[in-house]
Amino acid sequence: MRELLLDHPVVASVKDEAGLAAAVASGPPVAFLLFGSILTLPELVGRLRAAGKTVLVTVDLVEGLVGRDIAVDFVAQQTAADGVLSSKAALVKAAKARGLLAVHRFFLVDSISYHNFGRQLAISRPDYVEILPGCVPRVITWLKADTEVPVIAGGLVCDKDDVLAALGAGALAIATSNVDVWAM
């Protein structure tokens, strides 16, 4: 995935059926799937994979999955997903143990969440971290100084200026549901 992100540093955050159709038609090569249920997930992942996408499922947002290792088992065994995103360190760790790509999502809303970053990272040992919101270049710079894990900036990345600022601050890539940004 790292090579894909180096070549195309925008990730399609797919949050609904319209976004899925756009991602399948012409979106970036990496997609974060942010919706679905245990009934629809295999088909949604399959559509993205059939379009040649690398697909990671945000298990925290799939209806019917619970915040336990069994959720990761379901994704690994019942879908063709390449990996998992979660804000829960235990689920990220479980994904890595099952050979899936693992992205740890961090919602950095205050200094407490920032200072908790290192402890959570030590538990999860992810392949990548996604920080939200991704439109805060100063925080991206701090995180790059704190970890060797590649940073993906997601959430509230609205335009080319946000993309360039996040990448300039050291993010490997950005994740956005804004279809107009996908083409950059």
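**Figure 1. The whole protein chain, with its 9 helices and 8 strands.** The model shown here and in the following views is a predicted one. Taken along the principal axes, the C-alpha atoms of the protein chain fill a box of roughly 40 × 35 × 25 Å. A compact globule of 184 residues would have a radius of gyration near 16 Å, and the protein chain, with 15 Å, agrees with that expectation. Of the 184 residues in the protein chain, 48% are buried. Among the contacts with a separation of 6 or more, 54% are accounted for by residues that lie 24 or more positions apart in the chain.

**Figure 2. Close-up of helix H2 and helix H3, which pack at an angle of about 25°.** Helix H2 covers residues 17-26 and helix H3 covers residues 41-50, and their axes are 9 Å apart. Because angles under 35 degrees count as roughly parallel, H2 and H3 are described as roughly parallel to each other. The crossing of these two helices, H2 and H3, is left-handed. On the side of H2 the contact is made by Glu17, Leu20, Ala23 and Val24, while on the side of H3 it is made by Leu44, Arg47 and Leu48. Sorted by class, the contact of H2 with H3 has 5 nonpolar residues and 2 charged residues, with no polar ones.

**Figure 3. Close-up of leucine 33, a residue of strand E2.** Strand E2 is formed by residues 30-33, and leucine 33 has a relative accessible area of 0%, so it counts as buried. When its neighbours within four places in sequence are left aside, leucine 33 is in contact with Val14, Leu20, Leu41, Leu44, Val45, Leu48, Val55, Leu56, Val57 and Thr58. Included in that list are Leu20, Leu44 and Leu48, and these residues also take part in the contact of H2 with H3. Leucine 33 and leucine 61 are 28 residues apart in sequence, and their C-alpha atoms are 8.9 Å apart in space.

**Figure 4. Close-up of alanine 50, a residue of helix H3.** With a relative accessible area of 71%, alanine 50 is exposed, whereas leucine 33, in the previous view, is buried. The C-alpha atoms of alanine 50 and arginine 2 are separated by 20 Å, and the two residues are 48 residues apart along the chain.

**Figure 5. Close-up of helix H5 and helix H6, whose axes cross at roughly 30°.** The axes of H5 (residues 89-97) and H6 (residues 111-124) come within 8 Å of each other. That angle makes H5 roughly parallel to H6. H5 passes H6 in a right-handed crossing, whereas the crossing of H2 and H3 is left-handed. The contact brings together Ala89, Val92, Lys93 and Lys96 of H5 with Gln120, Ile123 and Ser124 of H6. By class, the residues of the contact of H5 with H6 divide into 3 nonpolar, 2 polar and 2 charged.

**Figure 6. Close-up of two loops, one between H6 and E6 and one between E6 and H7.** Arginine 125, in the loop between H6 and E6, has a positive phi of about 50° although it is not a glycine. Its relative accessible area is 57%, so arginine 125 is exposed. Proline 133 is found in the loop between strand E6 (128-132) and H7. The peptide bond that joins leucine 132 and proline 133 is cis, with omega at about -5°.

**Figure 7. Close-up of lysine 144, a residue of helix H7.** Helix H7 covers residues 137-146, and lysine 144, at 31% relative accessibility, counts as partly exposed. Apart from its neighbours within four places in sequence, lysine 144 is in contact with Val149, Val151, Ala169 and Gly170. The C-alpha atoms of lysine 144 and leucine 33 are separated by 25 Å, and these two residues are 111 residues apart along the chain.

**Figure 8. Close-up of leucine 156, in the loop between strand E7 and helix H8.** Strand E7 covers 151-154 and helix H8 covers 160-168. Leucine 156 has a phi near 60°, a positive value in a residue other than glycine. At 59% relative accessibility, leucine 156 counts as exposed.

Conventions
Residues are numbered from 1 along each chain as its sequence is written. This is a predicted model: local features need pLDDT of at least 70, side-chain atom pairs count only at pLDDT 80 or more; totals for chains, interfaces and linings use all residues. Side-chain values use heavy atoms; hydrogens and water are left out. Axes are lines fitted to C-alpha atoms, for helices over the stretch in contact, and angles run from 0 to 180 degrees between N-to-C directions. Helices (H or I, at least four residues) and strands (E, at least two) are DSSP runs, numbered from the N terminus. Angles under 35 degrees count as roughly parallel, over 145 as roughly antiparallel, 65 to 115 as roughly perpendicular and the rest as oblique. A crossing is left-handed if the near helix is turned anticlockwise from the far one by less than a right angle, and right-handed if clockwise. Contact means heavy atoms within 4.5 Å. Ala, Val, Leu, Ile, Met, Phe, Trp, Tyr, Cys and Pro count as nonpolar, Asp, Glu, Lys and Arg as charged, and the others, Gly among them, as polar. The radius of gyration is taken over C-alpha atoms; the globule rule is 2.2 Å times the number of residues to the power 0.38. Buried means under 20% relative accessible area, exposed over 50%, partly exposed in between (1.4 Å probe, protein chains only).
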